[in-house]
Amino acid sequence: KATVTAQPRRRMVHLLSYVPEQRGEKMQIVEEPILQRDLQVGIRDDFRAVRAYLAPSGAELPLVKKEGRLWTQVPEVRGYALVVFEDANGA
């Protein structure tokens, strides 16, 4: 599951990769992470990001503009990862 949030000069993509477990009629508990490798993550290029990285580690990710989107590749997600797309004036 991917969710995008925004801050001034940043777009963050939260990646969740867990197996939900049904407990009761309406409750799902997330307990077991799923390992995902080489995920392609993209956002519209109207944001004009100049770099992408993983938070909080700061590990740089490749950034490619293609077909109206900015793309990066996340080497590994084990349950959760946060990808930050940042413009030239980002902190």
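Colleague: Why is Glu76 called partly exposed?

Modeller: Happy to explain! In this predicted model, Glu76 has a relative accessible area of 33%. Buried means under 20% and exposed means over 50%, so Glu76, at 33%, falls in between and counts as partly exposed.

Colleague: And what makes Arg78 count as exposed?

Modeller: Arg78 has 51% relative accessibility. Exposed means over 50%, so Arg78 earns that word. Arg44 is exposed too, with a relative accessible area of 55%.

Colleague: Why do we say that Glu76 and Arg78 meet in a salt bridge?

Modeller: Their side chains come to 3.5 Å, N to O. The cut-off is within 4 Å, so the pair qualifies as a salt bridge. Arg44 and Asp46 also meet in a salt bridge, at 3.5 Å from N to O.

Colleague: How do you know that Glu86 forms a salt bridge with Arg10?

Modeller: Their closest N and O atoms are 3.0 Å apart. That is within 4 Å, so the pair fits the definition.

Colleague: What does that pair tie together?

Modeller: Glu86 lies in strand β10 and Arg10 in strand β2, so the salt bridge joins parts that are 76 residues apart in sequence.

Colleague: Are Glu86 and Arg10 buried or exposed?

Modeller: Glu86 has a relative accessible area of 2%, and Arg10 has 17% relative accessibility. Buried means under 20%, so Glu86 is buried and Arg10 is buried as well.

Colleague: Which residues are linked in a network of salt bridges?

Modeller: Arg10, Arg51, Glu60 and Glu86 are linked that way. Searching the whole structure gives seven salt bridges.

Notes. Residues numbered from 1 in each chain as written. Predicted model: local features only at pLDDT ≥ 70, side-chain atom pairs only at ≥ 80, totals over all residues. Heavy atoms only, no water. Helix = DSSP H or I, 4+ residues; strand = E, 2+ residues; numbered from the N terminus. Buried < 20%, exposed > 50% of the residue type's maximum accessible area, 1.4 Å probe, protein only.
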